[in-house]
Structure formats: structure tokens, C-alpha cells
Amino acid sequence: MTRRPLPRILTGGSAQIARGRDMARTAADGATDVLHPLITIARGLRMLAAGGRRRWSATPKDRRGPALFLVAAVVLVVALMPYGPLLALIAVMGAAGWQGRDRTPVRTGPDEAEARRLQSLYEALVPYFSVPEDPSPLFAHGGEWSSALDSPVFDGDGRLTRLRLTYPPYFPDGEPDARARIEHLLHAKSGRGREYLFDWDEEANQLVMTVLSPLSTAIAAQRFVTGPGESVLGFTDDGSVRRTVPVLAGEERVDAPAVLWRTGLRATEPHLLVAGQPGSGATSLLRSLALQALQGGDVLIVEGSGTGEFACLDGRAGVLAVESGLSGALAGLEWAANETERRLIAASRARQSGRPAPADTRRPLWILLDRPSVFGHLAAAEGRPDPQELVRMPLRHGGAVRVTVVVAEQLDNMDMVDEAVRSHTRARVILGPASPAQVEEVLGAPPHTTPTPEAPPGRGYARLGRGPVLRLQVPATPDPYDDATGETHRRAVQDLLPPRTTAPAEPAEAPDEERIEERVVERVVEQAHAGVPAEG
């Protein structure tokens with residue numbers, strides 16, 4: 001049976017509809033321009049009629065008779081005059097056009113208060129942009145701000161939101177210290193507590209300062225539309241990344257610019273390091289990554305804080321273990337190191353024999369460590385190895401067999417992060433309030449904006465490898481068992497949780513290492529018998 005071709009209206013209808021909309025929009029714009037005088041006269045006639053009704057209503061009743069007689073006499077005289085009706089019509093149309101004109105005042109420049117602010121800013125920049133040897137300086141005491149400051153934009157409070165500054169060619173705009181002094185001055189003079197973006201154009205000797213709007217905090221945990229091996233770290237400014245992701249922000253469906261982190265065989269940054277202040281949202285980021293990883297992989301969680309932030313994942317399908325004790329952490333990480341080595345050997349043998357890698361080596365394995373420095377103190381006190389030493393094997397060779405390591409540590413304890421973790425985690429995130437020096441220390445590059453002293457949870461910066469530093473807002477992924485969590489966010493996280501395979505573990509004494517390793521192996525065997533689909 002042959003297929004009949006689709007009607008032309010179904011195959012090319014979308015393009016025709018788009019062209020029709022463009023033609024209709026162009027015709028409407030042209031008609032508005034042509035009919036603008038008629039629209040103005042009609043608006044004026046309506047205003048004159050409304051004014052006449054108001055005047056008639058305000059006239060006392062005993063004077064309305066003489067007023068009508070006077071109007072009738074004027075109309076009679078105009079009607080008997082040569083060309084009287086025509087002149088009266090012209091007068092009425094002229095009055096209507098004058099009354100219906102657009103009276104919106106057009107601003108031709110800043111007002112007096114804004115001009116004083118610009119002059120003050122200009123005078124403050126004089127010591128940085130002038131030298132005694134310059135015969136005609138662009139910046140000079142007593143000079144006009146309009147010679148160097150252009151296109152100022154102010155908000156409703158009279159503070160600058162955008163400004164273009166022209167500086168002399170001899171200013172060392174290639175030196176970071178010189179740039180930092182100018183940015184600090186503009187930040188202080190334009191108003192603190194906001195994030196500023198400074199765009200230096202060295203070829204044109206111009207600097208554009210822009211106040212950035214806050215990133216949206218309305219995006220909660222949800223199923224993100226991503227490709228294989230991609231995870232959403234958060235969302236950034238429009239134009240900073242090339243790709244957007246459809247998300248649900250509150251009750252509105254929007255396309256948000258997402259910071260996508262790629263893991264897998266050919267990923268250049270297969271491991272991640274997260275730093276932040278307490279309450280900055282680092283644990284929420286790990287929880288968000290765990291929920292995304294569980295869509296097609298296994299997760300091993302080591303929680304150093306011991307507060308039960310990942311209790312909602314305990315006993316879920318794909319979650320190998322959630323360890324919050326030193327013995328459990330050591331046993332779980334030792335198993336992860338052995339599993340990485342086993343995967344490497346199996347993949348190498350399969351490659352040498354010309355066969356595809358086994359299915360159990362293609363399924364992603366995620367190792368999430370939250371505050372491992374706490375275990376470092378306990379291990380040193382008991383004379384046992386630091387758990388961070390056990391992740392060296394997954395860090396060095398895990399990317400080749402789909403093993404991903406994510407380490408989250410408090411900003412004050414970054415000096416306790418193992419050197420292997422620092423050298424192999426080229427994807428970095430810093431959350432919470434931080435100085436430019438702290439951001440540069442963690443990310444390896446200074447931020448392109450001015451950090452604010454206060455930030456909502458999940459707000460920070462991200463840098464993937466040697467890429468640019470991006471502003472970041474982590475999707476809200478709170479603990480659903482926390483009483484302070486709102487019902488909307490609690491339901492969003494619960495909808496993403498995999499089904500339970502075992503009952504959650506009861507709090508008890510720390511088990512021995514052999515028992516923990518047996519439990520991890522049993523969990524892997526159970527999932528293998530259950531037919532968990534493998535990626536690839």
C-alpha cells in the first residue's frame with residue numbers, strides 16, 4: 001500500500017503562516033504611520049467633547065438657556081458668513097489636532113541631580129586617567145563630564161545602571177591591577193549592593209559598565225532536557241552560553257540559559273569541585289546532581305556532616321549506599337577504587353580482543369563526597385587513612401570508564417582538600433558570598449562581575465576547565481524531609497526520587513568494613529538481576 005503525500009498546507013503551512021504574520025505586522029505598522037494624523041485628530045475630538053460635557057455639567061441650570069442661545073447665534077453667524085462652515089471646520093480640526101498631540105516629554109539628557117552625580121564621577125576619575133604631560137587631557141579637574149562619559153542610564157532611584165566611558169590611549173588597560181582600581185571606583189560611586197559587569201574594549205579605549213539583574217531563583221528541581229552524559233549545574237545570564245533548556249519557572253514555561261557539565265568517555269572535565277560557605281547551597285547542588293545521575297546510573301554518597309541531608313536517597317534504586325560514618329566511608333570508597341580498577345581491566349581486555357566494553361563498565365558510577373575534611377580529622381585521630389586518598393584512583397582514571405567524582409567542601413576548609421582532588425577537578429563551582437580573591441583562588445580566574453556581600457542560596461560562579469567564569473544559580477533542591485522546606489519544592493524533589501528497593505537504614509552503631517562492603521556488593525547484584533538498563 002503506497003503512502004499518500006501530505007497536503008501542502010501541512011508541509012509548508014508553518015512557513016506560509018510565518019510570512020503572513022510578517023506581512024500583516026508590516027502592513028499594520030505602515031497603516032499606523034499613514035493614519036497617525038487621523039488618530040491624533042480623533043483623540044483631540046474626543047478630548048474636546050469630554051471637555052464640553054464637563055463644562056456643560058458645571059454650568060448652573062439658570063445659565064444654560066442663555067448659553068444655548070449664544071451658541072445658536074454663533075452657529076447662525078458662521079453659517080451665513082462666506083466660507084464660514086469651511087473655516088469653522090478647519091478651526092475645529094486644528095484645535096482637535098493640537099489637543100490630541102502626544103504630550104509625553106522627551107528627555108534630551110540627565111536632569112540636574114543626575115548631572116551632578118556624573119560630574120562627581122568624572123572628577124573622581126581624573127587622577128586615574130590624566131598625566132601632567134598630556135597637552136589636551138580627556139580628564140581634567142573642572143572639565144565637562146560629557147566629553148568622556150556617554151549614554152548614561154539611571155533607574156528610578158537616580159542610580160546609574162549603564163554608562164559608557166572613554167579613556168585616554170595611554171591608560172594601561174591590559175594590567176589587571178589598573179582595571180581593578182577603575183572597577184572598584186565605579187562600583188563605589190555608582191552604588192554598592194549590586195552586581196556590575198565591566199566590558200573593556202581595548203581597541204576603542206572604551207569601558208561599558210552595566211548593572212546586571214539578579215538571576216532567577218524560581219527554577220526548582222525537575223527533569224531537564226539534556227543529552228547523554230550532560231548534567232545541569234544551574235542557570236546563568238542570557239548570552240553567556242550557547243544553549244538554553246526548557247524549564248518550568250514557577251508556573252511559567254521558559255527557555256533558560258543552562259550551565260551544562262559534560263561527563264563521560266570524552267569529557268575534558270569529568271570531575272567537579274564545589275566550594276561554598278555554610279548554607280550557600282553546596283549540598284543542594286550535590287542533591288540535584290544525584291537526582292540527575294540516578295536517571296541512568298548508580299550513585300555512592302559519602303556525607304561528612306552527618307546531618308542526614310541525603311536521607312531521602314537512602315534505599316532508593318540506583319543508590320549504592322549513603323554513608324555518614326568513617327568506617328562506612330572508608331569501605332565504600334575502597335570498593336569504588338576497586339570497582340574503577342576492575343572496569344579499567346575489563347574495558348582494556350575487551351578493547352584488545354576487538355569486543356565492545358561490558359555493559360557493567362558502561363553504566364555511569366557517581367561518587368559524591370560532601371565535606372570529606374570532617375572524615376580527615378577523624379581518620380587522623382584514629383590512625384586510619386584519609387578517605388580522600390581512596391578517591392585518587394577514580395579521579396585519575398575514572399573518566400575512561402564513566403566514573404565521576406564530585407567533592408563539596410566548605411570554603412574555610414579548602415586547605416584540607418587533597419592535592420589529587422585539586423589537580424583532577426577542573427570543573428569548579430563556588431557558592432555563597434565570596435571576595436574576588438577567593439573566587440580566583442577556587443576557579444583559577446577572577447570573576448567578570450563584582451560579587452555582592454549577600455546572595456541567595458545556590459548563587460555563585462562556575463568555570464568548566466579553562467572556559468569563562470559564569471554566574472550561576474543552582475536549581476532549588478532542598479531536603480524533602482526538612483520541616484523548613486516549602487510544599488512546592490518538597491513535592492518537586494519527591495517526584496524525582498527513584499522507587500525504594502530497601503527500607504531506609506535505622507540509626508545504629510557503626511558497622512564493620514566487611515559488612516558495609518558486602519552490602520554495597522549485594523546492592524549491585526540486586527540491580528543487575530533486576531535488569532537495570534545500561535547506558536550506551
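Me: What share of the accessible surface of the protein chain belongs to carbon and sulfur atoms?

Reply: Keep in mind that this is a predicted model. The accessible surface of the protein chain adds up to about 30000 Å². The part of it that belongs to carbon and sulfur atoms is 55%.

Me: And how many of the residues count as buried, as a percentage?

Reply: The protein chain has 536 residues, and they are set out in 16 helices and 15 strands, among other parts. Of those 536 residues, the buried share is 41%.

Me: Is the span UniProt calls a "transmembrane region" mostly helix or strand?

Reply: The UniProt record, an unreviewed entry, puts that feature at residues 67–98. The end C-alpha atoms of this span are 25 Å apart. Strand makes up 0% of it, while 91% is helix.

Me: Let's zoom in on E303. Which strand is E303 in?

Reply: Look at residues 298–303. They form the strand that holds E303, and that is β9.

Me: Which side chain of opposite charge is nearest to E303?

Reply: E303 is buried, and it has no salt bridge. A salt bridge needs the charged atoms within 4 Å. The nearest side chain of opposite charge is 7.3 Å away, and it belongs to R287.

Me: Then which residue has its backbone nitrogen 3.0 Å from a polar atom of the E303 side chain?

Reply: Leaving out residues up to four places away in sequence, E303 touches several others, including E309, F310, E323, S324, D370 and F375. Another one on that list is G308. The backbone nitrogen lying 3.0 Å from a polar atom of the E303 side chain is that of G308.

Definitions and conventions. Residues numbered from 1 in each chain as written. Predicted model: local features only at pLDDT ≥ 70, side-chain atom pairs only at ≥ 80, totals over all residues. Heavy atoms only, no water. Helix = DSSP H or I, 4+ residues; strand = E, 2+ residues; numbered from the N terminus. Buried < 20%, exposed > 50% of the residue type's maximum accessible area, 1.4 Å probe, protein only. Lys, Arg positive; Asp, Glu negative; His and termini not counted. Polar contact = N/O pair within 3.5 Å; in protein donor to acceptor, adjacent residues only side chain to side chain. Contact = heavy atoms within 4.5 Å. UniProt positions renumbered as here; feature names shortened; annotations may be inferred. Areas by Shrake-Rupley, 256 points an atom, 1.4 Å probe, with all protein chains shown as cover.
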